[in-house]
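Reader: I am new to reading protein models, and I would like to understand how the words used for them are justified. Could you take me through this one step by step?

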Amino acid sequence: MPRAHERTTIINTLPQLPPARLHIGGWIENSHNAEVRDPADTRNIVASAPRATRAQAIEAVQVAVRGSLEWRAVPAIQRGEVIRRASEIIAERAEQLAVAATLEMGKPIAESRGEAARAVEHARYFSTVGREAQGYTANLNEPDAQAFTLRSPIGVVSVITPWNFPIMIPNWKIAPALAHGNSVILKPAEVSPVTATLLVQCYLDAGVPASALSLLIGKSSEIGDVLLTAPEIAGVTFTGSTEVGRKISATAVGLGKRVQAEMGGKNALVIMDDANLDKALEAVMVGGFGTSGQRCTSSSRILVHEAVFEEVQRRLTEAVGQLRVGHGLTAGINAGPLASESALEDVMQGLERAVADGATVVAGGSRAEDSDLANGWFLQPTLLTGPATGAAFSEEIFGPIVSLHSIKDIDEAIRLNNEVEYGLSASIYTSNLEAANRFIFETDTGMVHVNRPTVGAEPHLPFGGSKASAIGPSELGAAHQFFTKTRSAHVRWKF
Ligand code: NAD
């Protein structure tokens, strides 16, 4: 296996991406265009993207108000048919979506293909919600009368998304929002405008009315405020950092809007002395270094039983050294660049803080500066060991950095898992039933795994966190809680 620092071949001819575009009741040609650069080699301009103005954001809200009325009038089962067609179109265009995602944010193409496949699965799942039971019946304390509950759409929804899953996350918000009869204004991260454009096109081609799905690409400083404060917006669904999520929530909740915010994580994976080490180490490599550590559910803290610590450290150091760093479109690559210059800077600063707080670098630890990689935002996959304190242990450092911490027993594993401010996902590798069950019941994350990686998202299960990782209801299997309003109807049939 080549080592991380060995040369990798950067492809010479990149596929051409279509331009990103705004969609406000129809596709719009915008004159304020920005360059989209390849994070693996910033000399490559891969596409152009518009910058929506504040006036265009206000216009999108007005269009979405019309779209909300038009779309909610379509019977729910027919809306589901449209979402099902969208899932088929996403499947047909999966390769185009995957290439766009890789060129915009850098992840290896195999991961982008996986993301597109998940998007198909999620849209297919939401296509059936119109056929599900909606509520319950109840008695009224009067003759000839009955009550029942129903779920209605909430109205116009702002969808604000990050760049790390540029297909899957916008999709898992758009699909349930539309399936439940809401209209949507999507504002994707600035890093991934083409992927968002292609995804929106899939839904429009499937039959979603032009007024029910708008796409605003641009600077959050210019258009973000409108999406949070316009009186016509009923709800804001956000995925991104805890810092931004809390600000958005304070603004929108203060104006009486619903907010769903899925935010950062500092997820622990526990390896007990009775674990299947092969499986546990595989989970660390997938969960810790997949997407170059840029996942909210990344296994960034590994809590290892002292009896197997040395072996785990030795084997992981070897495995990390064998990761192939390079352009996401190059065959065999398993670690792409970070998504942007600012993402790399943030991660490098986090690493410096971790070392200052007492962490030791046992693998990686610096920029990958091979001549082919020097023009991209690459960091060598990095393994740290150190005390269960400081930045390595408690800060979300959104990059390929995993830290190992020694534990004595299950009590310490549970205590350390719960000690950080975040509460998104956690995992334990053990063959001890009691340890596994204690971990499930005594930890405080929104998602908990036993003998599975910390990552993954099943459409029919709630996806979400607790503590600093989330505000409001969870996503996916719990999406109806955010995208519908439960109402009660009271009916007397003799009057
Ligand atoms: P970010 O918070 O910087 O940005 C997220 C989105 O918010 C972007 O579209 C951005 O343009 C927008 N935004 C920023 N300020 C805004 C404002 N004032 N008004 C309106 N919109 C605004 O996050 P990021 O760097 O794109 O993504 C990385 C973060 O996302 C990490 O913290 C990661 O853990 C988190 N994340 C969480 C989940 C989850 O489900 N919990 C999933 C993926 C990523």
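Author: What follows is a set of questions and answers on the terms used for this chain and for some of its residues. Please keep in mind that this is a predicted model.

Reader: What makes the overall size of the protein chain agree with that of a compact globule?

Author: A compact globule with 495 residues would have a radius of gyration near 23 Å, and the protein chain has 23 Å, so the value agrees with the rule. Along its principal axes the C-alpha trace spans about 80 × 60 × 40 Å. The secondary structure comes to 15 helices and 24 strands.

Reader: How many of the residues count as buried, and how much area does the protein chain expose?

Author: Of the 495 residues, 57% count as buried, while the protein chain exposes about 19500 Å², of which carbon and sulfur atoms supply 50%. As for the contacts with a separation of 6 or more, 75% of them are accounted for by residues 24 or more positions apart.

Reader: Which domains does the domain assignment give for the protein chain?

Author: The assignment gives domain 1, made of 51–263 + 471–488, and domain 2, which covers 267–459. The contact between them takes 23 residues from domain 1 and 22 residues from domain 2, and the C-alpha centres of the two domains lie 30 Å apart.

Reader: Why is Thr382 called buried?

Author: The word applies under 20% relative accessible area, and Thr382 has 0% relative accessibility, so Thr382 counts as buried. This residue is found in strand 15, residues 382–385. Not counting residues up to four places away in sequence, Thr382 touches ten residues named in the contact list, including Phe289, Val320, Leu351, Pro400 and Ile401.

Reader: How do you know that Ala60 is buried?

Author: The cut-off is again under 20%, and Ala60 counts as buried because its relative accessibility is 0%. Ala60 has its place in helix 1, residues 54–72. Leaving aside neighbours within four places in sequence, Ala60 is in contact with Ile24, Ile185, Ser214 and Leu216. Ile185 is 125 residues apart from Ala60 along the chain, and yet the C-alpha atoms of the two are separated by 7.2 Å.

Reader: Why does Ala436 count as buried when its relative accessible area is 8%?

Author: Buried does not require a value of zero, but a value under 20%, and with 8% Ala436 is therefore buried. Ala436 is found in helix 14, residues 433–442, and among its contacts beyond four places in sequence are Ile428 and Val450. Ala436 and Val450 are 14 residues apart in sequence and 6.5 Å apart in space, C-alpha to C-alpha.

Reader: What makes Met447 a buried residue?

Author: Met447 has 10% relative accessibility, and so Met447 counts as buried. Its place is in strand 19, residues 447–450, and the residues that Met447 touches, not counting those up to four places away in sequence, include Thr297, Leu424, Pro462 and Phe463. The C-alpha atoms of Met447 and Tyr125, which are 322 residues apart along the chain, are separated by 20 Å.

Reader: Where does His327 lie, and is His327 buried or exposed?

Author: His327 lies in the loop between helix 10 (309–321) and helix 11 (341–356). With a relative accessible area of 1%, His327 is buried. His327 and Met447 are 120 residues apart in sequence and 32 Å apart in space, C-alpha to C-alpha.

Reader: Why is Lys467 called partly exposed?

Author: Partly exposed stands between the limits of 20% and 50%, and Lys467, at 37% relative accessibility, therefore counts as partly exposed. Lys467 lies in strand 21, residues 466–467.

Reader: What is the phi of Lys467, and what is the phi of Thr291?

Author: Most residues other than glycine have a negative phi. Phi of Lys467, however, is near 50°, a positive value in a residue other than glycine. Thr291 has a positive phi of about 50°, although Thr291 is not a glycine. The place of Thr291 is in the loop between helix 9 (277–289) and strand 13 (299–305), and with a relative accessible area of 1% Thr291 is buried.

Conventions: Residues are numbered from 1 along each chain as its sequence is written. This is a predicted model: local features need pLDDT of at least 70, side-chain atom pairs count only at pLDDT 80 or more; totals for chains, interfaces and linings use all residues. Side-chain values use heavy atoms; hydrogens and water are left out. Helices (H or I, at least four residues) and strands (E, at least two) are DSSP runs, numbered from the N terminus. The radius of gyration is taken over C-alpha atoms; the globule rule is 2.2 Å times the number of residues to the power 0.38. Buried means under 20% relative accessible area, exposed over 50%, partly exposed in between (1.4 Å probe, protein chains only). Contact means heavy atoms within 4.5 Å. Accessible areas come from the Shrake-Rupley method with a 1.4 Å probe; for residues, only the protein chains shown count as cover. Domain bounds come from an automatic or database domain assignment.
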